[in-house]
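Please consider the structure below with attention to how its helices pack and how its interior is built.

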Amino acid sequence: MSRPKLGLIEIVREEAKQDFWGTMQRVAEIGYEGIEGAGELLNGDVEANVERFRGLGLQVATHSVNKEQLRDEKQLDQVIREAHALQTKDVTFWWDVVDNREQLLRDAELYNKAGARLTSEGLRFCYHNHAHEFTYTFNGLYSLDILAEHTDPKHLYFRMDVAWITIGGADPAHILRKMAGRVPAIHLKDVYTLDEERKWTAVGTGVVKIKESIEAAKDIGVEWMTVEQDELRNLTGIETATVSYLNLKEMGLLR
């Protein structure tokens, strides 16, 4: 049972603004294997940028898409071209409202249509959860359950965030196992309390069940686990990325 590859998202964004390539080299040296949303590579000579990026030992773990792009055929075509240029197979939609069942069903239609288009181009369309997919329930079903039920498993996958699942009141390991076959990637994120909102902390220093989540991810064949922290706490971005990596290593989760 191999472990998922280790990715990173957003944590070092301030350092990357100052020195993108130097920051990427440091991230690779820490031990990360990929970046989610490396849109900087689309500036200038994309092919040369991607070659240099991969030469550092890094991959683009996913490209991003918004709802307008999902609805507009020409814009979606551009996203497809960009994803291929970045040599990634995943395209991820990051957030949407899920506060009523009718909207969920309309969104499911859009995701099926856009997902089928992306699938036809050899790409995999992913939806990233937050807490509200678990706090909003309908007849005992999570909003996420409704999206999963009404979308084609071949055309919509889920990039599951274990901290947001926890904040939403669910158990991430249980949810991951329930979603087996539709979860190519997870986000590893932590909070130091559930009594207040948005109390982010380095992975492994909070209350989220990180070890159990990764064990479940391994069991269901997750390909990527991406370290994230929405807001820095007491450390810099590079320090946070380093501490999170070392905590995962200390827990024996990077073997």
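In this predicted model, helix α5 passes helix α6 in a right-handed crossing. The axes of α5 (residues 73–85) and α6 (residues 101–120) come within 11 Å and cross at roughly 40°. Angles from 35 to 65 degrees count as neither roughly parallel nor roughly perpendicular, and α5 and α6 are therefore oblique to each other. On the α5 side, L76, D77 and I80 form the contact, and they meet A114, R117 and L118 in α6. By class, this contact of α5 with α6 has four nonpolar, no polar and two charged residues.

The interior may be considered next. In soluble globular proteins, nonpolar side chains tend to be buried together. The largest nonpolar core here has 78 residues, of which F53, M160, I186 and L248 touch the most other members. Helix α2 (residues 20–30) gives the most to this core, contributing six residues. The surroundings of I186 can be listed in detail: leaving aside residues up to four places away in sequence, I186 touches M160, V162, L176, S213, A217, V222, W224, M225 and T226.

Helix α2 itself merits a closer look. Its buried residues are F20, W21, T23, M24, V27, A28 and I30. An α-helix has 3.6 residues a turn, so residues three or four places apart point the same way. The buried residues of α2 pack against the strands β1 (5–8) and β2 (34–36), and also against the helices α1 (13–18), α3 (46–55) and α12 (237–250). Just after α2, G31 adopts a positive phi of about 135°.

Key
Residues numbered from 1 in each chain as written. Predicted model: local features only at pLDDT ≥ 70, side-chain atom pairs only at ≥ 80, totals over all residues. Heavy atoms only, no water. Axes fitted to C-alpha atoms, helices over the stretch in contact; angles between N-to-C directions. Helix = DSSP H or I, 4+ residues; strand = E, 2+ residues; numbered from the N terminus. Parallel < 35°, antiparallel > 145°, perpendicular 65-115°, else oblique. Left-handed = near helix turned anticlockwise from the far one by under 90°. Contact = heavy atoms within 4.5 Å. Nonpolar A, V, L, I, M, F, W, Y, C, P; charged D, E, K, R; others polar. Core = buried A, V, L, I, M, F, W, Y, C linked by side-chain atoms within 4.5 Å. Buried < 20%, exposed > 50% of the residue type's maximum accessible area, 1.4 Å probe, protein only.
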